[in-house]
Amino acid sequence: MSYGRMKRALLALLVVSGLAASGGYTLPKASSIVQDESFLQQPHYRSNEELLDFLANLQKDYPQLAKVHTIGQSREGRPLSVIEIRPNVNQPRPLLMPMFKYVANMHGDETVGRELLLYLAQFLLANYERDPEIGALVNETAIYLMPTMNPDGYQRSREGVCESPSSYVGRYNAANVDLNRDFPDRFDNKNTRRLRLQNQQPETTAVMNWIQSNPFVLSANLHGGAVVASYPYDNSIHHHECCEDSPTPDNRFFKYAALTYAENHPVMRQGHDCNETFQSGITNGAFWYELSGGMQDFNYVYSNCFEVTLELSCCKFPLAKELPKEWNKNKRSLIEYMKLVHVGVKGLVTDSAGYPIKDAEVIVNGINRNVLTSDRGEYWRLLVPGKYNIRVQAVGFHPSEEVAVQVTDDHPLVVNFSLKSYDNLEAPSKADQVRLVRETLDDNGFVRTPEFKHHNYTAMVSYIHDLASNYPSITRLYSIGKSVQGRDLWVMEITEGPGKHVAAKPEVKYIANMHGNEVVGRELLLLLATFLCENYNQTERVTKLVNRTRLHLLFSMNPDGYEMASIEDRVQLKGRQNANNVDLNRNFPDQFGRNQYNSHQEPETLAVMNWSLSIPFVLSANLHGGALVANYPYDDSPKDFAYINGGDRRTAINPTEENELFQYLAHVYANSHTTMRLGKPCSDNNIQEHFPDGITNGAQWYSVTGGMQDWSYVVGGAYELTLEVGCDKYPPAAQLPEYWKQNREALLQYVEQAQHGVTGYVRSTIGHPLSRASVQVNQLEHRTYTTAEGDFYRMLLPGLYNVTAEADGYEPQTLEVRIEPEADRAAIIDFQLMRNDPQHWSSAYDYRTLENVIKTRYHTDAELKATMAELENKYYKTVSLELAGNEVSMAYPSIKVTDSIGTPEETKLHILIISSLFQTVAVGREMVINLARHVLAGYAIKEPLLIKLLQNAVLHFVPVKNDFEEILRQFQSNSNGSLCNPTLHTDELADKLLSAETDHQKDMFLRMLKEEHYDLALTFSAGGHDVLYPQTEDQVAIYSRFAEKIKGHKYQDQSQQPCMVDAGQLHQTDATRRVTNALHKLYEVPLFTVQLGCCKMPPQPDIATVWRHNLERMVAFLRLIDTGIQGYVQDEQGNALRKALLRVRGNNLIYKVTPNMAHFRIVLPSGPMEIEISCFNYTSQIIPVTLHDNEIHDLGIIRMQ
């Protein structure tokens, strides 16, 4: 039947059914397109494992269109997977794009729908760019396909069996429960509801959570055993077995939807198949037979989603050869039914400020059933074409006016509503009112004019204690540590209800007097504390600031230096450093390197670091003196560590990736200051101190290595500026009132900026808070982390953002948020993350190498050798087993992995991956074998990154076997199934390496290093989450930057859950560092140690968890080789200069060329640097290069003269 004839026939049927108009939203249809249906060749049913692989491959082949989600697990632990199909699938769903779903295989032995949805996924993706009709459908619809809801039942079913057996094995799930009788029902009484909840199956719970946490609009449930489209309700109030219509308030639309499917199906529309008769191929569910606890009724009653049940075939599990016929029968019906998601009215419901209103009711006159708006204020109201009157109401808002609409079959109608809050017309409640008690304030804003003077340590401590005792309801004093000379580093917290972190209340800190002789900031913070306390409940602005912000004031970070400083010191150097003569603003760890100023952290530095990591600070500022400018990160750059003999560093601007936000904050302070914005120099003789608009990038002004503001941003997570608040570092006390007037408004406005951004919670789908979850904005590297309670806070400028929450073991979720320019509070978004099961994780990240995550255990030495031999047999072109060929391989069996094993390796890098320098870290052995399997599985499926890796490197996997049998016996005798700290009767390998005594294990290990000349090495330990690396005295950081790369974003900060520290753990860390440095010095092997966690030998099932947590870091290590330089060194006649050497200027590392071709390939971090090439009797050359991540800079042939 042609589409026109079908549409006219459908119209006639709808008129007979009592519908006055017909037609549906019709996307463009192409008549002459040759569609790709190659998937119909060799039809077969996929196993549960093959289905997961198939979905993962679709996601990989169409990364911008397809994404696999796991919404839960079956009774037997099989993943319940869903594939989402739409453009830009990794970004939030576009506003008002409707969500559609098909669910199949609810009864495990009804299998046609399962395979049809796999066909449908391939059809949509393969024809997206080929067929305009399919392209338009996918572009405008968020499509979710769930091929199997009952994988356990499918596992028990048999192909060719058309009817369910009398025991219903296969139809039911593994607990022998019919899932289509397991949902909450509208007629359930209290006891029935309670019994359902107690016995509810995991498959049902997962689907319920999925439905109720997403604004699905239209759905269908695919079954078998009949050929008919059945629509709600499935039961009636009288509960007759059959033959009683039980229509919903939306009966007209449900008939319309069912007819749309049936009329496009060549068999269903006839209404006569499987020995049953259905007029026009449709039926009301209750009229056919009574069913309670069904899924289609649950969708309609408990969510906004309209669902019908589609019975697709007489035979429930037909032979696979019948599947192409079933596809041809159903293809057009499946597509036309999906289009119905666009029929009716949709729109946004917002308040008068434009913010979305959640759970507003959209009411259609004459239909006794309302739909609710989504979290984003969206609604979709499915309606057949006709005239309707629509209105909206929401709690706390005035109802909207009624709107008359005409729904047509041409396109969906968009109708937006804006509701006025009752609060706009009525006074706020007493609880919301700020109690203002007016008192007279002096010119400086104080109730009692303070004495403007300099406070030494004793006077300062007395002052802040008196202030805290006078305002106990909003202040708390605490010490974060002590100075070198034992003075407390006092902090005053000022907020309503101090003493605890409160979600959605940003944490802000001011730090002053870091340089002891820069005293203005110290006095400004004392005055600010007084001002806030006196004006609380006096002025609305201060009251609001204190109630909404948790402000921390560190009055003096360097009290020892202050006591040494003197107002008479006009040079103003005395007291700058702490009591150990260290400049604290050069003493913090630096992302770009290490030097003599920050190689060891001072007590004051450590105190501030620990404090900064213990509280989720959002905004911060460091108050200095001697200039007048707001300075924003970064304060240095990689090349600053290359300067040995000085140089002009002021032109080296180095902004962060969030430069716009930092510049905004700097402008806020400078513009609020009475004179800073003018940018005038402090002295006529110092013309270089002119700052346009009163702001500067730190590195552009002058280089500060080891500065606090960079550390606070990179590690501490807070946006911090360095505020130079006055030209005189130690002015006379008589000038302090003027300094207060200049900075008061700026200090207040800066704190108020913390209210701009986004806040919320990250929880699991069952409501548990997820601590240490990362929150990322627009793919920026800088991430925010949730607290122990699962809340987060992130500063943002006005705009539209994609915000992604991630947590180990959970699917990431991305939401869209708009920060309004006029907002005075952070926008709120909450995340609910679904569990990520091991099998889906394995398909997505580990090439479905299930041995790495399923039934993990510790392997004996014999089993380990057998596994290595299996790998050689399976991948014989890529793997060579090094076993008993010589003394070294007898002591340290290994497998060598590279592309085209046996071919020349001179131009390849050699990489060692050894389990551990500590035999007791048994989990390291399993990581080595897992990583080998991971690399080989990826290489086998031609993963480009691994093809590139093995074409350019030789990997040596060494799972150390020494003393393992002794450790395994200890583990097996431990009843707890865990042995965090096994012991040995002999020394660990690391201890032997540090000993002067001769030992066979030690000698063979050192001989292996000497013979192989490894370019990089990786090993594993326990006792923490860090990455250890060779410590060198170089100015240009290389190894430390490699370590940061290996850590990845999950480990960038230092606030990971700490491990218990004991003497053994301290010894292991110390021994690792010493061995690492010794091996680098003696054998030039850069060894990186990844700490896998707290336990050396966790329970066997937890090996999978260790693997999942650390795979990202292992891959990051392997990907280090993607960045660097390569080339050849020759003389002018083209002869290889085999004695040539290379080094990076500012770094003492020496790189040799290969002994035959004089080839070099050097792994380096990204950034600008200078490469020096030298050779005896030849003139050295210096080549400047700028390296980019994941790029090998080919220097070609370097000719030496």
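# Exercises on a predicted model

R848 sits in the loop between α21 (838–845) and α22 (861–874). The structure is a predicted model, and the exercises below work through parts of it.

## Exercise 1: R848

Task: Decide whether R848 is buried or exposed, and find which side chains make a polar contact with the side chain of R848.

Solution.
Step 1. Buried means under 20% relative accessible area. R848 has a relative accessible area of 12%, so R848 is buried.
Step 2. The side chain of R848 makes a polar contact with the side chain of D53, at 2.8 Å. Another polar contact, at 3.0 Å, goes to the side chain of S843.
Step 3. Leaving out residues up to four places away in sequence, R848 touches E49, L52, D53, Q839, S842 and S843.

## Exercise 2: Two annotated glutamates

Task: State where UniProt places the feature "active site", and describe the surroundings of each residue.

Solution.
Step 1. The UniProt record, an unreviewed entry, places this feature at E311 and E724. These positions are spread over 414 residues of sequence, and in space they are up to 74.2 Å apart between C-alpha atoms.
Step 2. E311 belongs to strand β10 (residues 306–313). Its relative accessible area is 6%, so E311 is buried.
Step 3. Not counting residues up to four places away in sequence, E311 touches H223, G224, G225, A226, V227, V228, M268 and W288. A polar atom of the E311 side chain lies 3.4 Å from the backbone nitrogen of G224.
Step 4. E724 belongs to strand β26 (residues 719–726). With 7% relative accessibility, E724 counts as buried.
Step 5. Beyond its neighbours within four places in sequence, E724 is in contact with H624, G625, G626, A627, L628, V629, M676 and W701. The E724 side chain reaches the backbone nitrogen of G625 at 3.4 Å.

## Exercise 3: Backbone geometry

Task: Describe the peptide bonds from P232 to Y233 and from P633 to Y634, then the phi values of N105 and N1177.

Solution.
Step 1. Start with the usual case: most peptide bonds are trans, and most residues other than glycine have a negative phi.
Step 2. The bond from P232 to Y233 is cis, with omega near 0°. Y233 lies in the loop between β6 (226–231) and α8 (251–263).
Step 3. P633 and Y634 are also joined by a cis peptide bond, with omega about 0°. Y634 is in the loop between β24 (627–632) and α17 (659–672).
Step 4. N105 has a positive phi, near 60°. This residue is in the loop between β3 (99–104) and α3 (112–126). At 0% relative accessibility, N105 counts as buried.
Step 5. N1177 has a positive phi, near 75°, and lies in the loop between β46 (1167–1174) and β47 (1181–1187). Exposed means over 50% relative accessible area. N1177 is at 68%, so N1177 counts as exposed.

## Exercise 4: The buried residues of α25

Task: Find which residues in helix α25 are buried, why they are on the same side of α25, and what covers them.

Solution.
Step 1. In helix α25 (residues 944–952), the buried residues include L946, L949 and L950.
Step 2. These leucines cover an arc of only 85° around the axis, which puts them on the same side of α25.
Step 3. The general background is that an α-helix has 3.6 residues a turn, so residues three or four places apart point the same way.
Step 4. The cover over the buried residues of α25 includes β36 (894–897), α24 (923–940), β38 (953–958) and α31 (1102–1118).

## Exercise 5: An open sheet

Task: Give the strand order of the open sheet that contains β31, name the edge strands, and state how many bridges join β31 to β32.

Solution.
Step 1. Four strands form the sheet, in the order β29-β28-β31-β32, with antiparallel pairing.
Step 2. β29 (783–785) and β32 (813–819) are the edge strands, since each pairs on one side only. From one strand to the next, the twist averages 30°.
Step 3. Strand β31 (residues 799–806) is joined to β32 by seven bridges, and the two run antiparallel. In one of these, G799 has I819 of β32 as its bridge partner.

## Exercise 6: G497

Task: Place G497 in the chain and state how exposed G497 is.

Solution.
Step 1. G497 lies in the loop between β20 (488–494) and β21 (507–512).
Step 2. Partly exposed covers the range between the buried and exposed limits. At 35% relative accessibility, G497 counts as partly exposed.
Step 3. G497 and G1093 are 596 residues apart along the chain, and their C-alpha atoms are separated by 37 Å.

Note on methods
Residues are numbered from 1 along each chain as its sequence is written. This is a predicted model: local features need pLDDT of at least 70, side-chain atom pairs count only at pLDDT 80 or more; totals for chains, interfaces and linings use all residues. Side-chain values use heavy atoms; hydrogens and water are left out. Buried means under 20% relative accessible area, exposed over 50%, partly exposed in between (1.4 Å probe, protein chains only). The arc is that of the directions from the helix axis to the C-beta atoms. Contact means heavy atoms within 4.5 Å. UniProt positions are given in the numbering used here, feature names are shortened, and annotations may be inferred rather than shown by experiment. A polar contact is a pair of N or O atoms within 3.5 Å; within protein, one must be able to donate a hydrogen and the other to accept it, and residues adjacent in sequence count only if both atoms are side-chain atoms. Two strands pair if DSSP finds at least two bridges between them. Axes are lines fitted to C-alpha atoms, for helices over the stretch in contact, and angles run from 0 to 180 degrees between N-to-C directions.
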